[in-house]
Amino acid sequence: MSLKPLGDRVVVQFEETEEKTAGGFVLAANHQEATKVASVLAVGQGIRTLNGDLVAPSVAVGDKILVENGVGISAKDGDQKVTIIRESDILAILG
């Protein structure tokens, strides 16, 4: 991974799921789930408080997370399509 996120940003890769109806029709993006599952590829060092203390991120590389659909900025890391999100956009860590 050549991308190194800064601050509270996290580089993730969404799990590609193609939503189909029982009849085999592919659903449009606006009809898909409101959340997506992603794998954490890289994590920033965290953010600093007003006192200068560093608050470490809550996620680590390799975690599976739940994120709202449509958040983040898409980027390419070599041949890999990734998304850069803020830690605050993460809804949950999947166990």
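Two strands pair if DSSP finds at least two bridges between them. By that rule β2 and β5 are partners, since they are joined in the antiparallel sense over 5 bridges. Welcome to this predicted model, which has 0 helices and 8 strands. Of the 95 residues in the protein, 22% count as buried. Here is a short tour, from the overall layout to the core and the pocket.

**Overall layout**

- Following the sequence from start to end, you meet the pattern β-β-β-β-β-β-β-β.
- An open sheet brings together 6 strands in the order β6-β7-β1-β2-β5-β8, and the pairing is antiparallel.
- β6 (73-77) and β8 (90-94) stand at the edges with a single partner strand each, so one side of each has no neighbour in the sheet.
- From one strand to the next, the twist averages 45 degrees.

**Walking across the sheet**

- A good place to begin is β6, which pairs with β7 in the antiparallel sense over 5 bridges.
- Within this pair, K76 stands opposite K81 in β7.
- β6 and β7 also form a hairpin, with 2 residues between them. In its turn, G78 has a positive phi of about 70 degrees.
- Next comes the contact between β7 and β1, which run antiparallel and are joined by 4 bridges. Here R9 stands opposite R86 in β7.
- β1 (residues 9-14) pairs in turn with β2 (residues 35-43), again in the antiparallel sense, over 5 bridges. To find this pair in the viewer, look for V12, whose bridge partner in β2 is V40.
- Where β2 meets β5, S39 stands opposite K64 in β5.
- The walk ends with β5 and β8, an antiparallel pair with 4 bridges. I65 stands opposite I93 in β8.

**The two faces of β5**

- Which side chains of β5 are buried, and which are not? I65 and V67 point to one face and are buried. K64, L66 and E68 point to the other face and are not buried.
- Buried here means under 20% relative accessible area.

**The nonpolar core**

- In soluble globular proteins, nonpolar side chains tend to be buried together.
- In this model, the largest nonpolar core has 10 residues in all: V10, V12, F14, A38, V40, V59, I65, V67, I85 and I90.
- β1, β2 and β5 (64-68) are the elements that give two or more residues to this core.
- Which strand provides the largest share of the core? That strand is β1, with 3 residues.
- The two buried side chains of β5, I65 and V67, are both members of this core. V12 and V40, the bridge partners from β1 and β2, belong to the core as well.

**The largest pocket**

- The largest pocket has a volume of about 200 Å³.
- It is lined by 13 residues, and those closest to its centre are F14, K36, S74, K81 and T83.
- β1 and β7 (80-86) are the elements that give two or more residues to the lining.
- How many nonpolar, polar and charged residues does the lining have? By class, there are 4 nonpolar, 6 polar and 3 charged residues.
- Two residues from earlier in the tour come back here. F14, a member of the largest nonpolar core, is among the residues closest to the pocket centre. K81, which stands opposite K76, is also among those closest to the centre.

Terms used. Residues are numbered from 1 along each chain as its sequence is written. This is a predicted model: local features need pLDDT of at least 70, side-chain atom pairs count only at pLDDT 80 or more; totals for chains, interfaces and linings use all residues. Side-chain values use heavy atoms; hydrogens and water are left out. Axes are lines fitted to C-alpha atoms, for helices over the stretch in contact, and angles run from 0 to 180 degrees between N-to-C directions. On a 1 Å grid over the protein atoms alone, a cavity is a set of points where a 1.4 Å probe fits but cannot get out, and a pocket is an open set with protein on both sides within 12 Å along at least five of seven lines; lining residues have an atom within 4 Å of a point. Grid points are joined across faces, edges and corners, and a volume is the space filled by probe spheres set on the points. Ala, Val, Leu, Ile, Met, Phe, Trp, Tyr, Cys and Pro count as nonpolar, Asp, Glu, Lys and Arg as charged, and the others, Gly among them, as polar. A nonpolar core is a set of buried Ala, Val, Leu, Ile, Met, Phe, Trp, Tyr and Cys residues joined through side-chain atoms within 4.5 Å. Buried means under 20% relative accessible area, exposed over 50%, partly exposed in between (1.4 Å probe, protein chains only).
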